[in-house]
Amino acid sequence: MRYESPTTVAEAVELLGSEPHARVYAGATDLIPQIRSGRPEPTVMVDLKHIDRLCAITSTAAGFTVGAAAPTADICADGALAAEFPGLVEASGLIGSDQIQNRSSWGGNLANASPAADTPPSLVANCARAVIAGPDGERTVLAAEVATGPGRTSLTPGEFIVEFELDRPPARTADAYLRLTPRTEMDIAVVGAAVRISLDAQGRVADAAVALGAVAPTVVRVADAEAALIGREPAGDALAAVEAAAAAAADPIDDKRGTVAYRRQVAGVLARRAVATAAERAAEPQRGDRP
Amino acid sequence: MTITEANPGYKGYKYVGTRLIRPDGLEKVTGKARFAADLNLAGQLHGAVVRSPHAHARIVSIDTSRAEAMPGVKSVITGDDFPSVDPGHRQYDMCVNIIARDKVFYEGHAVAAVAASTLEQARAAAAAVEVEYEALQAVLTIDEAMADDAPVLHSHMLTRGAEPPAEAPSNVASVTRFSGGDLEAGFAEADFVVEREFSTKPVHQGYIEPHACVADTGQDGHTTIWCSSQGHFNVRSSTATLLGWENTRIKVVPAEIGGGFGGKTTIYLEPLAAALSSQAGRPVKMVMTRSEVFRATGPAPCAKIRVKFGARSDGAIVAADAHLIYSNGAYQGAGGMLGAMTVFESYKIPNFAVEALDVVVNTARSAAYRAPAAPLTAFATETVLDEIAEELGIDAMDLRLKNAVKEGDPSTMGFPLARVGFAECLEAIRSHPHFSAPLGPNQGRGLAAGYWFNIGESSSAIVNLNEDGTATVVTGSPDIGGSRASMALMAAEELGIDPHDIRPVVGDTEAVGFTDITEGSRATFATGRAVVEACRNMVIELRGRAATMMEAEVGDIDWVDGHAVYTGDGDSEGKEPLSLAVIAGKAKRTGGPLTATGSLEAHGAGPSFTVHLCDVEVDPETGVVSIVRYTAAQDAGTAIHPSYVEGQIQGGVAQGVGWALNEEYIYDSDGVMENPGFLDYRVPVASDLPMIDAVIVEVPNPAHPYGVRGVGEAGIVPPIPAVANAIHSATGCRIRDLPMSPVRVLEAITAAGARANGG
Amino acid sequence: MTRVHVTCTINGDPAEFLCDGGQTLLDALRDEVGLTGVKEGCGTGDCGACSVMMDGRLLCSCLVLAAEAEGSDVSTVEGMASGDELHPLQQCFLEGAALQCGICTPGFLVAAEALLERNPDPTETEVRYALAGNLCRCTGYDKIVRSVMAAARSINAGAGSGH
Ligand SMILES: Cc1cc2nc3c(=O)[nH]c(=O)nc-3n(C[C@H](O)[C@H](O)[C@H](O)COP(=O)(O)OP(=O)(O)OC[C@H]3O[C@@H](n4cnc5c(N)ncnc54)[C@H](O)[C@@H]3O)c2cc1C
Ligand code: FES
Ligand code: FES
């Protein structure tokens, strides 16, 4: 196995073009355990962390650009990002331990395509876009379109994610992420629920995104829950409707981490709780009307 | 550097009971301590093991030729390289577990091993060993093993203890029965009878250090093994047995051990490394991966338990019946028998019967785990007692106090108990502020008691006095939790010198007398007694030397606070007290080096009782259980080093809580373990636990000079029922299957809700 | 196979070693550099026994390629004490009996040092969450958490008195 650390996107693209069994990585927190458990070894390990763009976290007029290899510890330490995307940052902070946090990335979390990954539901709920580089240049897709099934992505050979783009949220908007794990830390989600809520000036839901993790091969958007919220106050019957819709939308499997029945039931509970938290945050005064 | 210590002595002892900085501590906080995997010898090869992918299969053939031809490979061994072993041999199971012969009995069973210049080469060669298997139907659960048409794992296995004697082989290794009184009459006398069933899953000891060893066989055949084990004399004899060697051919040097909890009382790698080394003529290092540790080393047995209790309305337990089935993995084990010895031990029950079965299945051979079998019997007994208390309207604490065994009561096996501290532990919990603290919403409190009988066995110690009056204390007990500190304290107390002037060390198999494994909570009790005996022999010698120096009769010399003091009626001129250092400094002129030994077979270990109180908070919508407060009182007899007694209690609680809530082996339908790593085998992490208030109760054990009772194991016994009782108190649900994971707790809550709604 | 030549700083001293492209920093530190205070409990990021600092970041060295250490500043438990002065964490671990078998201790010490640098006065809960990536099977964490908090107090008291 060879180690390479390109310093530009172009260099990385070229390297991947010349080495069919090369593998990009950021934190290697998924990749090394997978190799240890017997998955085929790549011939070249392409470390993306020496490319500035892949580690940068920048705030622009339109929103944020977050490098695909930026450690989640840096993401969590970014106050501006956390203020605008509290749920997405919470999801990032849930990955592994402090040790893992110093390595784990959004790019790896998404491209690893584990159905139980913590940040993809929040990336989806916030309509994040992934900028992808490859032999044919760069293209931008919705983060929701990257993972296509357990361990499978829409990335073609030689492509990798460069960065994520997030639009600045409208007024009275906030997100939340909740997950269920048997332990308090160091555990993989049995169910995850990401919610983003926009309120109107009267405190009714103007826009909603509800996305579930670990209950299907990829992140599930719960359209019925979103519809049940629009135009209503995020309380009482609306929350009950979210719970029922999320449970119904979940299409989980029985595995070592949980059962179908459990995941369905808890998907509803977490979605309801996440809606309540996101709505509470959306109503915070600092998220009021923007100039 | 200065190192300060808290708590000066108590109970009239000068050193015993103080919190000495452990002598091996500095090396461990600076990264210098050598654990087995830290050793590297010049020219050393690396070993790798070929393991079965099948849970049950016949080995048709093994072709090592491709592996042997690979780069760097120096030796390859299979079962054929070891002497054949007869199923009747006492250590047969251990031998064929370490390397399979004609059959493999679990996924991960070793079938061959390779040594090569680098670990990568060894692993590549191991992957190139071609093993042809004929897969057999795997038997994974107790029910499958006991089914009428179950495939029989071991064709030689006739049920031991069966009445009438077994004629055909089966998967039931043994039956154990105890009884006393008249069961039928007992139940007839009861006002309330309750019968319950319990089931559990295998769990792993979960020590953080994987098994590791280095073996070096010289051209004369003499082999030195450095390894991490709970008993290096046992490593020596087991390795010798497997290889057909004499004990003298092997020297085992104990490395620091990174946790064992019973799992390192047996061996796995050492004979393989020794065989590879003797073939290759080079040292061979072998280290397991975490996945190998989970798949191929000792989980604790799991069990199905049925208990029936009868109580009078005043709370007196008048009858109890237990039927226990323990699954011990691929080979016969003692889970059931130990379960039978613990299920009713805590309470005085006039009429009882226990039947325990030990069963084999196609999972890794089980090994001891802290108070083996007892946590599961306590799960049954202590939760049913809770139910009885609830039913009879008696406080759970009062019910236990009413029935608790005390000195003189007969044990299940009929022997009268010596002085025990059960009632004292119950009282300690009752008077603890935790007992009456208010609970928050969704919180519940559970009480449970635990018992472990402890063992004595053989121990040896040597005390050598150095010219400057310092001492070296050599024992044969690997130190798995700070026992060297306790040895230094006891020796200091006996010799009357500062414990900092004593260097306690663990000697190799050629440096100290035979010593049994560190197990059964025996080190401080039995090896401590050997140290005390060696010190007392030393004091006799010192008094003799002082007599020579003072020109007095030895009978006129006492040993007081580290000094020989003349107490005779004669002229005391020139007979001023002589310090140990002065006598040691003159040893050359009074008879030569000062050395004394103590070797004994320790009896009277005396059981340890413990009582736990646990508060949980249950999320009623997700079934997640958080431990919010925990208090554990345990009888330590005398705490030689209180910090390490507390540490044993706290560690036992943490393991027991893990067992209760989330730990379990998960197998797929072919018997392949699905969670062989710490991400999905969920031991508690720091944020899963509160502080664990350890209350040391001291009811001295009459069989130890300082009153020590072993404390290493009992702490793991009550947590499972304490958590279960707390969950019941919080939710009204009784859970009788482990683990009490969120999935299972929510199932119970949902089912209870449905029942309530249904009327 | 050509080996990678890595030049870096380890525990304050310049260091060089050769490693394979796929070798982890854990294996290189233990086998090439001889720093066996860095322990392997799992090799998959789950136990924290292999914790080291690299360029100011706390990492599981089992999940880092050794080649990544080129030009970096690595520190391990072996570098915590200065001369014959133990680090307050080491001192408090000894006094507080925060170790039983001691295999997890190096990882806990390194992780706790990283915590106290970031948060000099952590609450019990903060300590527990910050150390959740380090498994200890012996102690039940009680004495470890207490010792970390004692070390924080001792460091803060020292800082207050102008040391
Ligand atoms: C102890 C432990 C705990 C964990 N806990 C959690 C948890 O709580 N929640 C959770 O979601 N995950 C968890 N994980 C998994 C892992 O840490 C996360 O998925 C992490 O975000 C992966 O990021 P990485 O940079 O380390 O990925 P890497 O291992 O570097 O890469 C993962 C995969 O993505 C590919 N890849 C990486 N970067 C890119 C890119 N820019 N473009 C295209 N492909 C790329 C790699 O080729 C590889 O296939 C845990 C892992 C460990 C070891
Ligand atoms: S060895 Fe690196 S985390 Fe366990
Ligand atoms: S002291 Fe043994 S694992 Fe922590």
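Four elements of chain A, namely β2 (22–25), α2 (31–36), α8 (106–111) and β10, each put at least two residues into the shell around ligand 1. This is a predicted model, and everything below should be read that way. Among the elements, α8(A) gives the largest share of the shell around ligand 1, with 4 residues. Ligand 1 isn't a matter for chain A alone, though: it sits between chains A, B and C. In total, 36 residues surround ligand 1, and the closest of them are Gly27(A), Gly107(A), Gly108(A), Asn109(A) and Gly45(C). Sorted by class, the shell around ligand 1 breaks down into 20 nonpolar, 11 polar and 5 charged residues.

Strand β10 of chain A, one of the shell contributors, also leads into a bit of sheet. Covering residues 160–167 of chain A, β10(A) runs antiparallel to β5(A), and the two are joined over 5 bridges. Within that pairing, Thr65(A) faces Glu165(A) of β10(A). On to the next neighbour: β5(A) (residues 63–67) also pairs with β4(A) (residues 57–59), again in the antiparallel sense, over 3 bridges. Here Ser59(A) has Phe64(A) in β5(A) as its bridge partner. The β4(A)–β5(A) pair makes a hairpin, with 3 residues between the strands.

Turning to chain B, the secondary structure adds up to 21 helices and 28 strands. Its C-alpha atoms fill a box of roughly 95 × 75 × 55 Å along the principal axes. Chain B has a radius of gyration of 28 Å, which agrees with a compact globule, because a globule of 759 residues would come out near 27 Å. As for burial, 61% of the 759 residues of chain B count as buried. Counting contacts in chain B with a separation of 6 or more, 79% come from residues 24 or more positions apart.

Chain B is also split into domains: domain 1 takes in 415–449 + 607–757, and domain 2 takes in 457–602. The centres of the two domains of chain B, taken over C-alpha atoms, are 40 Å apart. Where they meet, 15 residues of domain 1 of chain B are in contact with 14 residues of domain 2 of chain B. On the domain 1 side of that contact, helix α19 (residues 642–661) of chain B brings the largest share, 3 residues. By class, the residues on this side of domain 1 of chain B come to 6 nonpolar, 7 polar and 2 charged.

Note on methods: Residues are numbered from 1 along each chain as its sequence is written. Chains are lettered from A and ligands numbered from 1 in the order in which they are written. This is a predicted model: local features need pLDDT of at least 70, side-chain atom pairs count only at pLDDT 80 or more; totals for chains, interfaces and linings use all residues. The radius of gyration is taken over C-alpha atoms; the globule rule is 2.2 Å times the number of residues to the power 0.38. A residue is buried if 20 or more other C-beta atoms lie within 10 Å of its own, exposed if 12 or fewer, and partly exposed in between; C-beta atoms are placed from the backbone. Two residues are in contact if their C-beta atoms, placed from the backbone, lie within 7 Å. Domain bounds come from an automatic or database domain assignment. Ala, Val, Leu, Ile, Met, Phe, Trp, Tyr, Cys and Pro count as nonpolar, Asp, Glu, Lys and Arg as charged, and the others, Gly among them, as polar. Two strands pair if DSSP finds at least two bridges between them. A residue is near a molecule or strand if its C-beta atom, placed from the backbone, lies within 6 Å of it.
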